[in-house]
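Visitor: I'd like a close look at a single part rather than a tour of everything. Pick one, stay with it and what surrounds it, and spell out your cut-offs as you go.

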Amino acid sequence: MDGAATVSRVWGQAQEWWWAHGAPRLNDLVVDNSVIRVYRQRVCADLHGQVVELGFGAGLNVPFYPSAVTSVVAVEPSDLAWARAQRRVAGQRVPVTRAGLRGTRPDVPDESADCVVSCFTLCTIPDVDAALRDVVRVLRPGGTFHFLEHGLAPDASVRAWQHRLEPVHCVLFGGCRLTRPIQGLVTASDLVLDEVHTEYAPVPTFLRPWTYGYRGRAHKPTRAA
């Protein structure tokens, strides 16, 4: 029993170290390429005003903020990812500040954002329903949620592989899951889905378990008069 407890403790420490130091670097390598940059540009195209970005990471969306964006609040719990973002943030026209966390909730005032954007983040947040409630909380009435995510594929054979691969993938990529039904999660929240585009990225077929994407926009309903 002591041996099993020791192995469990060591494994937990190793995983914690990897998620803090290795996974952010690995994520950057995987989600920063010419194909994904096209999708990033599309999802950021309609951002405007005060923006909150969930899972800011290393700032890979910064080059795609349009001129209508006046400020960005970055929600990023990883100190390493935030440090790596500084070279992209430095010298940018748009001021970017980092939000703190109250427990697992971003320390962002209620109804302070015109837009919230999330790229490859809903797949990783442990309590995704709570995260979407926070999106609703920080958006002004009529504000918009813009998302670019990967998740559950429509094809049974691909879904089967997603379920097989998810345990290992989750460890390697800091908790990222392959099987979240992103469109359904957004629809089930208090947001109103305006549009969603779903497709496999134009990559080799064997990569399909990782590359079924959801790009869309939803809005927070305005209050009744």
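A close look

Guide: Let's start at helix α4, residues 128-138: eight of its eleven residues are buried, so the rest of the structure largely encloses it. Buried here means under 20% relative accessible area, exposed over 50% and partly exposed in between, with a 1.4 Å probe on protein chains only. Helices (H or I, at least four residues) and strands (E, at least two) are DSSP runs, numbered from the N terminus. Keep in mind that this is a predicted model: local features need pLDDT of at least 70 and side-chain atom pairs count only at pLDDT 80 or more, while totals for chains, interfaces and linings use all residues. Residues are numbered from 1 along each chain as its sequence is written, and side-chain values use heavy atoms, with hydrogens and water left out.

So which residues does α4 hide? The buried ones in α4 are V128, A131, L132, D134, V135, V136, R137 and V138. Their cover includes four strands, β1 (49-54), β5 (105-106), β6 (113-119) and β7 (139-150), along with helix α6 (182-188); contact means heavy atoms within 4.5 Å.

Three of those covering strands lead us into the sheet. It is an open one with seven strands, ordered β3-β2-β1-β6-β7-β9-β8, and its pairing is mixed; two strands pair if DSSP finds at least two bridges between them. The edge places go to β3 (96-99) and β8 (192-200): each has a single partner strand, so one side of each has no neighbour in the sheet. On average, neighbouring strands are turned by 20° against each other, direction ignored. (Axes are lines fitted to C-alpha atoms, for helices over the stretch in contact, and angles run from 0 to 180 degrees between N-to-C directions.)

Now go pair by pair. β6 and β7 run parallel, with six bridges between them, and A113 has L139 in β7 as its bridge partner. Helix α2, residues 34-44, packs on the sheet and touches β6, β7, β8 and β9 (212-219), its direction making about 170° with that of β7. Helix α3, residues 79-89, also packs on the sheet, but touches β2 and β3, and its direction makes about 170° with that of β3.

From β7 you step across to β9, this time in the antiparallel sense, over seven bridges; the bridge partner of L148 there is R215. β9 then pairs with β8, antiparallel again, over eight bridges, and E195 stands opposite R217 in β9. Like α4, β9 is largely enclosed by the rest of the structure, because six of its eight residues are buried.

For a side-chain view of β7, try H146, which lies in that strand and is buried at a relative accessible area of 4%. Not counting neighbours within four places in sequence, H146 is in contact with V43, D46, L47, C115, V116, V117, S118, G216 and R217. The side chains of H146 and T144 are joined by a polar contact of 2.8 Å. That term covers a pair of N or O atoms within 3.5 Å; within protein, one must be able to donate a hydrogen and the other to accept it, and residues adjacent in sequence count only if both atoms are side-chain atoms.

Over by β1, look at N61, in the loop between β1 and β2 (69-75). N61 counts as buried because its relative accessibility is 1%. Its side chain makes a polar contact with the side chain of R40 at 2.8 Å, and another with that of E53, also given as 2.8 Å. Beyond four places in sequence, the contacts of N61 are R40, C44, E53 and C119.

Last stop, the rings. The structure holds four aromatic pairs, one of them being Y212 with Y214, edge-to-face at 5.4 Å centre to centre and 90° between the planes. (Rings of Phe, Tyr and Trp, its six-membered ring, pair if their centres lie within 6.5 Å; planes under 30 degrees apart count as stacked, over 60 as edge-to-face and the rest as tilted.) Y212 is buried at 9% relative accessibility, and Y214 is buried too, at 6%. Add Y200 and you have a cluster of Y200, Y212 and Y214 linked by ring pairs.
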